[in-house]
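Work through the exercises below with the sequence and the 3D view open. Try each task before you read its solution.

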Amino acid sequence: MQPQSNISINRRIFWLLIKQMRPKQWTKNLLIFAAPLFSFEVVTTADIFYTFSGFLLLCFISGCVYIVNDYIDIESDQNHPVKRNRPMASGELNPGIALIFGALIVILSLSLAYVLNPLFSLLLVFYFCINVAYSLRLKNVVIIDIMIIAAGFVLRAIAGGLVIHVPFTPWFLLCTMLLSLFLAIGKRRHELFLLGNEKAAHRKVLENYSFELLDQLSSIVTTATIISYSLFTFTSGRTIQLMWTIPLVIYGVFRYLYLIHIENKGGAPDKVLFEDKHILITVVLYVVSVILILYYFE
């Protein structure tokens, strides 16, 4: 009976370690597939394999960032209505075991990334470092906190180009950054609404934000995102027919604004993607449209 009991305990710890790496939030890393999407006509089976490998390595590194972040925030998470259920905050997972597991995953992931492309490995190191810096200090610096979140998305997009050796246009990276800022601002607004008078106890930087400020920032970024994407479709060097995807981008942005302002959602963009049928259908239509347009007009 004793060996079986140990096996059950080990399985439980392994499950908690995976849960601690927040696999539900790995959907953000799907952005790495933007590179093969916009280059699908020259993409080979090997490129798809490299991109999928890069996606997994990005998931592992981002999962280790969550381990570090939750280790630093254990005390504040224990007072949060949702975050207190996380493995370390709830006391189910020993923090020491989580940190050792995370360190091993980081070393293994960076080694494999170096095989794919040394620059991809350096990018993962940079991604890990800025996110640890965010967890330690920068998350408490107003404005910088949301810019760090946006930078993470831009790095994901660049990673896709590095693993298959495809360059991105500056306009595309600008669109990615602006859309990421839009999502980050929406996340802060949702936290401001959800936590109310207890906002400072859960996230110190929220003391420096107001609904008026976040709404103004959102308005600026929304406008810039739509204009930048429109310019991207005309100046990317690809077929001008990509302009037919502009309405889908506009609808997706407007729908997200509706969810933020009317339904008070937007705290977790990865959840919104799968829970809101309008957003999900819009994303699917966008991907299909890009593939069909590039296939028939190039």
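Buried means under 20% relative accessible area, exposed means over 50%, and partly exposed lies in between (1.4 Å probe, protein chains only). This is a predicted model: local features need pLDDT of at least 70, side-chain atom pairs count only at pLDDT 80 or more, and totals for chains, interfaces and linings use all residues. Residues are numbered from 1 along each chain as its sequence is written, and side-chain values use heavy atoms, with hydrogens and water left out.

**Exercise 1. Classify S228 and list its contacts.**

Solution.
- Step 1: Find S228 in helix α11. Helices are DSSP runs (H or I, at least four residues), numbered from the N terminus.
- Step 2: Check the cover. S228 has 5% relative accessibility, so it counts as buried.
- Step 3: List the contacts (heavy atoms within 4.5 Å). Leaving aside neighbours within four places in sequence, S228 touches W171, L174, C175 and L178.

**Exercise 2. Trace the salt bridges around R188.**

Solution.
- Step 1: Fix the rule. A salt bridge is a side-chain nitrogen of Lys or Arg within 4 Å of a carboxyl oxygen of Asp or Glu. Side chains of opposite charge can pair when their charged atoms come close. The whole structure holds 10 salt bridges.
- Step 2: Start with D145. Its side chain meets R188 at 2.7 Å, N to O. D145 lies in helix α8 (residues 144-164) and R188 in helix α9 (residues 170-195), so the pair ties together parts that are 43 residues apart in sequence. Both D145 and R188 are buried.
- Step 3: Go on to E191. The salt bridge between E191 and R188 has an N to O distance of 3.1 Å. E191 and R188 are three residues apart in helix α9, so about one helical turn separates them.
- Step 4: Add K187. E191 also forms a salt bridge with K187, with the closest N and O atoms 3.9 Å apart. E191 and K187 lie four residues apart in helix α9, about one turn.
- Step 5: Compare the cover. E191 counts as buried because its relative accessibility is 10%. K187 counts as partly exposed because its value is 24%.

**Exercise 3. Describe helix α12 and its cover.**

Solution.
- Step 1: Take the span. Helix α12 (residues 246-261) has 16 residues and reaches 23 Å from its first C-alpha to its last.
- Step 2: Set this against the expected span (1.5 Å times one less than the number of residues). The result for α12 is close to the expected 22 Å.
- Step 3: Pick out buried residues of α12, among them I246, G252, R255 and Y256. Their cover includes α9, α11 (211-235), α13 and α14.

**Exercise 4. Which residues have the most contacts inside the largest nonpolar core?**

Solution.
- Step 1: Define the core. It is a set of buried Ala, Val, Leu, Ile, Met, Phe, Trp, Tyr and Cys residues joined through side-chain atoms within 4.5 Å. In soluble globular proteins, nonpolar side chains tend to be buried together.
- Step 2: Name the hubs. The largest core has 43 residues, and F38, F182, Y229, Y256, Y286 and V290 have the most contacts inside it.
- Step 3: Find the main source. The largest share, 10 residues, comes from α9.
- Step 4: Look at F38. Leaving aside neighbours within four places in sequence, F38 is in contact with residues including F172, F232, Y286 and V290.
- Step 5: Note the second, separate core. It has 34 residues, including L58, M88, L124 and Y127.

Key
Helices (H or I, at least four residues) and strands (E, at least two) are DSSP runs, numbered from the N terminus.
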